[in-house]
Amino acid sequence: MRFSGKTVVITGAASGIGKAAAELFTRDGATVYAADIDVAAGEALAAASDGAIRFQHCDVTSTEAIRALMDRAGSETGGIDVVFNNAGAGGARAKIHEVEPADWDRTMDLLLRSVAFGIRYAVPHMQGRPGASIVNVSSVAAVGPGYSPTTYAVAKAGVLHLTKMAAADLAQFGIRVNAIQPGFINTDIFTSSLEIPDEQKGMAKGVIAQMSSNAQPVKRGGQPRDIAEACAFLASDAGSFITGASLLVDGGITLGPRYSWDPEEPAIFGALEALEEQAKANAGK
Ligand code: NAI
């Protein structure tokens with residue numbers, strides 16, 4: 001019961017990583033304010049929780065909605081101990097030479113401004129709370145190209161820098177701020193914005209589940225629970241000496257190109273060595 005008596009606010013809590021975190025924090029004793037735009041799924045989550053999870057409709061692209069969420073959690077329980085800024089979606093898909101300004105802005109508002117104001121409006125309710133902690137969701141996409149569309153990757157890189165700046169700004173209040181960079185985690189994020197029939201979404205989910213188990217050095221698919229556990233660690237007393245940090249939870253997907261960890265994958269260096277062997281064999285003839 002690491003979070004007994006604690007108040008935890010989680011955005012994007014109706015699905016995937018946020019939902020797993022809501023379940024984990026309540027299992028460990030917390031009261032969770034679960035915020036999302038998906039009212040049906042959010043209310044179902046709360047209904048299944050015996051009162052430990054309280055759902056609040058909150059579109060994190062609205063700073064007023066974020067403020068209302070934090071004010072409700074703070075006023076109903078006396079203060080906020082943990083904030084998990086997690087809500088997100090894939091955002092603009094176009095490359096930089098084609099992206100429209102409105103799509104850029106919408107994606108930045110959803111993935112970066114939401115985190116800034118999730119912090120901004122939580123802080124008044126976190127001051128004076130021992131062990132107060134904020135965890136922001138970034139992504140392996142912040143490492144470089146290859147993991148997501150451009151706008152998403154830039155927003156997630158912004159979350160890393162925001163995390164460091166906020167950690168410095170909020171140290172005076174004893175509030176720690178950290179980030180998590182999830183790798184390929186098997187959730188609805190890959191299919192939810194696709195304009196295809198539900199049946200095809202189901203098939204696509206199956207393909208993604210299969211791909212995710214073979215995409216990185218750790219030979220299983222990343223699960224929402226993996227990220228929830230990392231969040232709970234950073235937010236708990238066990239993480240009390242950690243602030244301004246980012247934790248990669250990616251099964252090693254960012255370790256290097258596939259040939260560097262998969263013996264089945266032909267490596268450039270292996271090919272060069274084979275050439276050398278061949279040359280030696282030819283010379284010996
Ligand atoms: P998900 O699609 O399962 O859950 C995202 C939740 O956010 C949904 O419940 C959705 O309704 C909610 N949401 C979307 N827009 C919102 C808004 N404007 N206001 C409030 N709630 C909103 O996706 P998942 O994978 O659990 O994503 C959670 C976070 O993890 C996101 O920030 C995502 O970018 C990040 N992430 C996910 C990775 C993955 O492989 N699944 C990898 C790296 C980062």
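# Exercises on pockets, strands and a loop

The largest pocket has a lining of 45 residues, and those nearest its centre are Gly88, Ala89, Gly90, Ile189 and Phe190. The elements that contribute two or more residues to this lining are helix H1 (16–27), helix H4 (101–126) and H5. The exercises below concern a predicted model.

## Exercise 1. The pockets

Task: State what volume the largest pocket has and which element gives the largest share of its lining, then describe the second largest pocket in the like manner.

Solution.

1. The space in the largest pocket amounts to about 1,300 Å³.
2. H1 supplies the largest share of the lining, namely three residues.
3. Sorted by class, the lining of the largest pocket holds 22 nonpolar, 17 polar and six charged residues.
4. For the second largest pocket the volume is about 190 Å³.
5. The second largest pocket is lined by 13 residues, and Gly91, Ala92, Asp103, Arg106 and Thr107 lie nearest its centre.
6. The lining of the second largest pocket comprises five nonpolar, three polar and five charged residues.

## Exercise 2. The enclosed space

Task: Determine how many cavities of 30 Å³ or more the whole structure contains, and which residues line the largest cavity.

Solution.

1. Rolling a probe the size of a water molecule over the atoms reveals where empty space remains.
2. A search of the whole structure yields one cavity of 30 Å³ or more.
3. The volume of the largest cavity is about 30 Å³.
4. Thr11, Val60, Asn85, Asn86, Ala87, Ser114 and Val115 form the lining of the largest cavity.
5. By class, this lining has three nonpolar residues, four polar residues and no charged residues.

## Exercise 3. Strand E6 and its partners

Task: Establish whether the residues of strand E6 are buried or exposed, and which strands pair with E6.

Solution.

1. Strand E6 covers residues 176–182, and seven of its seven residues are buried, so the strand is largely enclosed by the rest of the structure.
2. In a regular strand, side chains alternate between the two faces of the sheet.
3. In E6, Arg176, Asn178, Ile180 and Pro182 point one way, while Val177, Ala179 and Gln181 point the other way; all are buried.
4. Strand E5 (residues 133–137) runs parallel to E6 and is joined to it by five bridges.
5. Within this pairing, Ile134 is opposite Val177 in E6.
6. Between E5 and E6 the chain passes through helix H5 (residues 150–170), making a β-α-β crossover that is right-handed.
7. Strand E7 (residues 246–249) also pairs with E6 in the parallel sense, over four bridges.
8. In that pairing Ala179 is found opposite Ser246 in E7.

## Exercise 4. A polar side chain in E6

Task: Explain why Gln181 counts as buried, and state which side chain it contacts.

Solution.

1. Gln181 is located in strand E6.
2. The cut-off for a buried residue is under 20% relative accessible area.
3. Gln181 has a relative accessibility of 7% and therefore counts as buried.
4. The side chains of Gln181 and Ser246 are joined by a polar contact of 2.7 Å.

## Exercise 5. Two residues of one loop

Task: For Ser49 and Asp50, decide which is buried and which is exposed, and identify what is notable about the phi of Asp50.

Solution.

1. Ser49 lies in the loop between helix H2 (39–47) and strand E3 (53–57).
2. Asp50 also belongs to the loop between H2 and E3.
3. The relative accessible area of Ser49 is 14%, and Ser49 is therefore buried.
4. The side chain of Ser49 reaches the backbone oxygen of Ala46 at 2.7 Å.
5. Ser49 and Glu23 are 26 residues apart along the chain, and their C-alpha atoms are separated by 8.3 Å.
6. The cut-off for an exposed residue is over 50%.
7. Asp50, with a relative accessibility of 79%, therefore counts as exposed.
8. Most residues other than glycine have a negative phi.
9. Asp50 is not a glycine, yet its phi is positive, at about 55°.

## Exercise 6. The chain as a whole

Task: Report how many helices and strands the chain has, what its C-alpha trace spans, and what percentage of its residues is buried.

Solution.

1. The chain contains eight helices and seven strands.
2. The C-alpha trace spans about 85 × 45 × 40 Å along its principal axes.
3. Of the 285 residues in the chain, 42% are buried.

Notes:
Residues are numbered from 1 along each chain as its sequence is written. This is a predicted model: local features need pLDDT of at least 70, side-chain atom pairs count only at pLDDT 80 or more; totals for chains, interfaces and linings use all residues. Side-chain values use heavy atoms; hydrogens and water are left out. Buried means under 20% relative accessible area, exposed over 50%, partly exposed in between (1.4 Å probe, protein chains only). A polar contact is a pair of N or O atoms within 3.5 Å; within protein, one must be able to donate a hydrogen and the other to accept it, and residues adjacent in sequence count only if both atoms are side-chain atoms. On a 1 Å grid over the protein atoms alone, a cavity is a set of points where a 1.4 Å probe fits but cannot get out, and a pocket is an open set with protein on both sides within 12 Å along at least five of seven lines; lining residues have an atom within 4 Å of a point. Grid points are joined across faces, edges and corners, and a volume is the space filled by probe spheres set on the points. Ala, Val, Leu, Ile, Met, Phe, Trp, Tyr, Cys and Pro count as nonpolar, Asp, Glu, Lys and Arg as charged, and the others, Gly among them, as polar. Two strands pair if DSSP finds at least two bridges between them. A crossover is right-handed if, with the strands pointing away from the viewer, the path from the first strand over the helix to the second runs clockwise.
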